[in-house]
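Please look through the following report with the sequence and the model side by side. Each section takes up one part of the picture and names the residues to look for.

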Amino acid sequence: GLYEHNKKLYLDYVDYHKQLIKDLNVKIDNISEDQPIYLFGAHIFAQYLIAFGLDTSRIVSLLDNDPNKHGKRLYGTNLMVDSPKALAQLENPIVILKAGVYNKEIKADILNNINDRVVFLE
């Protein structure tokens with residue numbers, strides 16, 4: 001019975017991500033062209049989203065708190081990495097945030113210390 005159980009877990013995982021990407025891409029399509037969109041996290045979370053089909057054509061850059069990643073490209077993508085401080089002077093920028101248990105902490109830091117006008121897609 002373990003095979004069937006694990007197969008179901010895997011297929012549920014894939015279905016969840018397919019639906020998530022479908023929803024995010026619809027939201028991206030409905031965002032005004034003059035509103036900048038960022039993806040938080042230059043790590044596996046972002047790579048999963050991109051691999052599942054996230055439309056990156058409107059993403060300005062990836063945001064990451066690690067200064068060692070700033071100015072570099074995320075492996076497997078054409079996206080460059082910036083500090084979240086890049087959001088500081090922007091009017092209502094959009095940040096796609098899917099970083100698991102870190103979402104709440106990342107969101108609070110950006111809203112409280114960088115720009116309280118950021119709109120998050122979670």
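## The two sides of helix α3

On the face of α3 that is turned away from its buried side, the exposed residues are K104, E105, N112 and N113. This description, like everything that follows, refers to a predicted model. The buried residues of helix α3, which spans residues 103-113, are N103, I106 and I110. These buried residues lie on the same side of α3, because they cover an arc of only 75° around the axis.

What lies over the buried residues of this helix? The cover includes β1 and β5, the latter being residues 119-121.

## The chain as a whole

With α3 in view, the rest of the chain can be placed around it. The secondary structure comes to 3 helices and 5 strands, and, read from the N terminus on, the elements follow the order α-β-α-β-β-β-α-β. Taken along the principal axes, the C-alpha atoms fill a box of roughly 55 × 35 × 30 Å.

The chain has 122 residues, and 37% of them are buried. Its accessible surface comes to about 7,600 Å², and carbon and sulfur atoms account for 53% of that surface. If one takes the contacts between residues at least 6 apart in sequence, 58% of these contacts join residues that are at least 24 apart.

## An aromatic pair between two helices

How many aromatic pairs does the structure hold? The structure holds 1 aromatic pair. Its members are Y13 and Y48, which meet edge-to-face, with 6.1 Å from centre to centre and 75° between the planes. The pair links distant parts of the chain, since Y13 belongs to helix α1 (residues 2-29) and Y48 belongs to helix α2, and the two residues are 35 residues apart.

Are these two residues buried, partly exposed or exposed? Y13 counts as partly exposed because its relative accessibility is 33%, and Y48 is likewise partly exposed, with a relative accessible area of 37%.

## A nonpolar patch on the surface

Both residues of the aromatic pair also take part in a nonpolar patch on the surface, which is formed by Y10, L11, Y13, I44 and Y48 and has about 500 Å² of accessible area together. The elements that give two or more residues to this patch are α1 and α2, and the largest share, 3 residues, comes from α1. One of the patch residues, L11, is found in helix α1, and L11 counts as partly exposed because its relative accessible area is 40%.

## Salt bridges

A search of the whole structure finds 6 salt bridges, and one of them joins D12 to K8, with the closest N and O atoms 2.8 Å apart. D12 and K8 are 4 residues apart in helix α1, so about one helical turn separates them. D12 is partly exposed, with a relative accessible area of 37%, whereas K8 counts as exposed at 51% relative accessibility.

Other salt bridges link distant parts of the chain, and the side chains of E91 and R117 form one of them, at 3.8 Å from N to O. E91 sits in the loop between β3 (81-82) and β4 (94-96), while R117 sits in the loop between α3 and β5, 26 residues apart. E91 is exposed, with a relative accessible area of 55%, but R117 counts as partly exposed at 30%. The side chains of E122 and K107 meet in a further salt bridge, at 2.9 Å from N to O, and this pair joins the segment after β5, where E122 lies, to helix α3, where K107 lies, across 15 residues. Both are partly exposed, E122 at 39% relative accessibility and K107 at 28%. Salt bridges that share partners also join E91, D116 and R117 into one network.

## A closer look at H43

H43 lies in the loop between β1 (37-40) and α2 (44-51). It counts as partly exposed because its relative accessibility is 22%, and a residue is called buried under 20%. Which residues does H43 touch, not counting those up to four places away in sequence? H43 touches D64, K69 and L74. The C-alpha atoms of H43 and V14 are separated by 19 Å, and these two residues are 29 residues apart along the chain.

Terms used:
Residues numbered from 1 in each chain as written. Predicted model: local features only at pLDDT ≥ 70, side-chain atom pairs only at ≥ 80, totals over all residues. Heavy atoms only, no water. Buried < 20%, exposed > 50% of the residue type's maximum accessible area, 1.4 Å probe, protein only. Contact = heavy atoms within 4.5 Å. Phe/Tyr/Trp six-rings, centres within 6.5 Å; stacked < 30°, edge-to-face > 60°. Patch = residues over 30% accessible without salt bridge, like charges linked within 9 Å, V, L, I, M, F, W, Y side chains within 5 Å. Areas by Shrake-Rupley, 256 points an atom, 1.4 Å probe, with all protein chains shown as cover. Salt bridge = Lys/Arg side-chain N within 4 Å of Asp/Glu carboxyl O. Arc of directions from axis to C-beta.
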